[in-house]
Protein chains: 2
Amino acid sequence: MPDMIKMALCQPAVVDNKAENLHKAAEMVRRAAKSGCQIAVLPEMFNCPYQSELFPSYAESFPNGETIRLLARLAKEENIVIVGGSIPEKDGERVYNTSFIFAENGELIGRHRKLHLFDVDIKAGTVFKESDTLTAGNDITVVTACGVKLGIGICYDIRFIELAREMTDRGAQVLIYPAAFGLVTGPAHWELLMKARAIDNQVFVIGAAPARTLGAKYQAYGHSIAVDPWGRIVAEADETESLLTIVLDLKTIASVREELPILKHRRPKIYHN
Amino acid sequence: MPDMIKMALCQPAVVDNKAENLHKAAEMVRRAAKSGCQIAVLPEMFNCPYQSELFPSYAESFPNGETIRLLARLAKEENIVIVGGSIPEKDGERVYNTSFIFAENGELIGRHRKLHLFDVDIKAGTVFKESDTLTAGNDITVVTACGVKLGIGICYDIRFIELAREMTDRGAQVLIYPAAFGLVTGPAHWELLMKARAIDNQVFVIGAAPARTLGAKYQAYGHSIAVDPWGRIVAEADETESLLTIVLDLKTIASVREELPILKHRRPKIYHN
């Protein structure tokens with residue numbers, strides 16, 4: 001395991017035009033590589049507006065979908081790991097909210113299909129039903145890239161403590177959540193959830209969000225963020241389009257776990273008896 | 001279940017004199033009852049300074065220990081439920097960090113022995129080893145008082161997501177953590193942990209702390225707090241001696257769970273396969 005890793009959180013404003021979205025994402029990934037980042041992370045639905053009814057028409061299949069081929073080629077050309085946020089993925093009759101992860105040689109090393117579909121009805125203003133058009137995945141995803149174990153969840157997946165715990169128990173050192181929180185849950189819970197998963201599991205936690213797109217039907221909260229295992233914010237964007245470059249000191253994981261040995265102090269026989 | 005419940009969080013400054021500590025606690029519980037509270041909560045080790053080497057000499061046995069008898073009598077006299085923070089409890093050769101809970105008729109309705117002993121070595125300044133003198137409990141504690149289900153954990157117990165989840169699954173609506181965070185973990189994690197347990201489990205969370213005692217070997221952070229199921233702070237004390245009176249609107253639990261059905265959306269077969 002390396003001591004340090006340099007990552008970029010790409011926060012593009014997503015529009016209702018796939019070509020434009022891909023152009024923007026590619027430009028950000030190239031910029032990340034040029035500034036020496038080893039991993040670039042894109043946000044949830046970076047090629048498609050976050051609207052259930054648009055997911056099927058934007059969906060692509062592996063391996064020949066346009067977005068998927070672009071990410072594979074970019075990873076290889078720029079010699080950078082890409083955690084491909086998520087896109088609508090078509091597989092047979094079904095559409096998933098899927099993150100494709102490519103190694104720096106362009107090979108697919110992971111595919112996370114969102115496990116928890118966002119079906120909510122918040123009176124303050126967020127009503128969403130992903131299950132109208134999407135199917136949930138069935139697998140937990142932990143991959144190794146640049147010698148670091150990355151656990152991948154998508155947006156609403158972060159609300160489930162069991163998933164983060166299981167990824168941690170499988171060795172994940174950095175939990176990465178491509179996400180698209182809105183203007184109700186964003187201010188209320190975004191930072192809190194990132195910090196909570198970090199201190200409870202003593203891992204780094206990354207949230208990669210799209211920028212706010214004025215006029216879009218679903219307004220994203222932005223605020224891409226990285227939190228360390230002690231719950232300190234390493235860096236956080238505002239709501240505008242931006243490329244956030246961060247350096248994670250991975251030694252912090254071991255030092256925090258030595259100081260406060262939560263994971264060792266667990267008493268599993270008592271919780272599940 | 002009632003719609004509303006009125007509680008008092010008692011935040012006394014604890015000194016190295018049991019009689020003084022009991023006098024202060026009793027005065028606060030009586031004041032809570034007079035202001036119409038149905039439940040009074042005391043902090044961790046409210047009758048004893050938070051120092052491992054003092055726990056054995058302050059320890060008492062059920063039912064005849066001085067503190068235990070006082071709490072039972074107070075509950076009955078004042079017609080108030082008492083979540084008796086915690087005290088060192090002697091049982092045979094062993095000493096536990098125990099919370100005794102009394103109904104408003106003075107009967108014992110629960111006894112929580114701290115499940116996770118605080119054995120930590122934080123370089124910024126907190127070194128503690130409860131296991132030098134204490135033994136850990138083996139049981140999860142959820143009791144019904146005033147028609148409300150209360151889950152009880154003690155201080156370091158709050159760091160364990162599995163415990164809060166299990167108490168929630170057993171029906172707890174309010175998680176109560178008598179605690180004594182210090183000046184390192186307090187500013188870093190106190191509020192965050194309370195809010196995290198609240199939004200992840202969609203319950204109310206209460207932290208009841210002692211006030212800071214100037215000159216004491218272990219400086220408590222204070223900041224007794226109540227958080228609602230959306231993660232909003234209902235009330236929070238500062239570090240000084242105080243009695244915090246709060247009203248919990250229990251209907252919030254159902255409304256938040258309806259808006260954002262996290263507990264229903266869990267996928268247990270995938271987490272533990």
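Student: Which residue takes a positive phi just after α4(A)?

Tutor: In this predicted model, G171(A) does, with a phi of about 100°.

Student: And α4(A) itself, is the helix mostly covered or mostly open?

Tutor: Mostly covered: α4 of chain A spans residues 161-169, and eight of its nine residues are buried. The buried ones are I161(A), E162(A), L163(A), A164(A), R165(A), E166(A), M167(A) and T168(A).

Student: Let's go to the dimer. How does chain B lie on chain A?

Tutor: A turn of 180° with a shift of 0.0 Å along the axis lays chain B on chain A, at an RMSD of 0.0 Å. The two copies are therefore related as by a two-fold rotation axis.

Student: Which residue of chain B comes closest to that axis?

Tutor: That's A196(B), whose C-alpha is 2.9 Å from the rotation axis.

Student: Nice. How many residues does each chain bring to the contact?

Tutor: Chain B gives 46 residues and chain A gives 46 residues. Of the interface residues of chain B, 100% are interface residues in chain A too, so the copies meet through the same surface.

Student: What area is buried between them?

Tutor: About 4100 Å², and carbon and sulfur atoms give 60% of that. On the chain B side, E162(B), E259(B) and Y271(B) lose the most area to chain A, together accounting for 16% of what that side buries.

Student: What about polar contacts and salt bridges across the interface, how many?

Tutor: There are 20 residue pairs in polar contact between chain B and chain A, counting pairs with both residues at pLDDT 80 or more. Six salt bridges cross the interface. For a salt bridge between the chains, look at D200(B) and R197(A), whose side chains meet at 2.8 Å, N to O.

Student: Which elements of chain B touch chain A?

Tutor: β6, α4, α5 (185-201), α6 (251-259), α7 and α8 of chain B each supply at least two residues of the side that touches chain A. The largest share of that side comes from α5(B), with 10 residues.

Student: Switching to salt bridges in general, how many are there over all chains?

Tutor: The search of the whole structure finds 44. One of them joins the side chains of K24(B) and E241(B), at 2.8 Å from N to O.

Student: What does the pair of K24(B) and E241(B) tie together?

Tutor: K24(B) sits in helix α1 (residues 18-34) of chain B, and E241(B) in the loop between β13 (233-236) and β14 (242-249), so the bridge ties together parts that are 217 residues apart in sequence.

Student: Are those two buried or partly exposed?

Tutor: K24(B) is partly exposed, with a relative accessible area of 24%. E241(B) is partly exposed as well, at 36%.

Student: What does E44(B) form a salt bridge with?

Tutor: With K114(B), where the closest N and O atoms are 2.8 Å apart. E44(B) is in the loop between β2 (39-41) and α2 (55-58) of chain B, while K114(B) is in the loop between β5 (108-113) and β6 (119-122), 70 residues apart.

Student: And are E44(B) and K114(B) buried or exposed?

Tutor: E44(B) is buried, with a relative accessible area of 0%. K114(B) also counts as buried, at 0%.

Student: Which residue does D169(B) bridge to?

Tutor: D169(B) forms a salt bridge with R266(B), with the closest N and O atoms 3.0 Å apart. This pair links distant parts of the chain: D169(B) is in helix α4 (residues 161-169) of chain B, and R266(B) is in the loop between α7 (262-265) and α8 (268-271), 97 residues away. D169(B) is partly exposed at 44% relative accessibility, and R266(B) is partly exposed at 21%.

Student: Which residues do shared salt-bridge partners join into one network?

Tutor: In chain A, R30(A), K34(A), R73(A), E77(A) and E78(A) are joined that way.

Student: Last topic: in which sense do β7 and β8 of chain A pair?

Tutor: Antiparallel, over four bridges, with β7 covering residues 119-122 and β8 residues 126-129. D119(A) has K129(A) in β8(A) as its bridge partner. The hairpin has three residues between the strands, and G125(A) takes a positive phi near 140° there.

How values were computed: Residues numbered from 1 in each chain as written. Chains lettered and ligands numbered in written order. Heavy atoms only, no water. Salt bridge = Lys/Arg side-chain N within 4 Å of Asp/Glu carboxyl O. Buried < 20%, exposed > 50% of the residue type's maximum accessible area, 1.4 Å probe, protein only. Least-squares fit on C-alpha atoms with pLDDT ≥ 70 in both. Contact = heavy atoms within 4.5 Å. Pairing = 2+ DSSP bridges. Buried area = accessible area lost by both parts, 1.4 Å probe. Polar contact = N/O pair within 3.5 Å; in protein donor to acceptor, adjacent residues only side chain to side chain.
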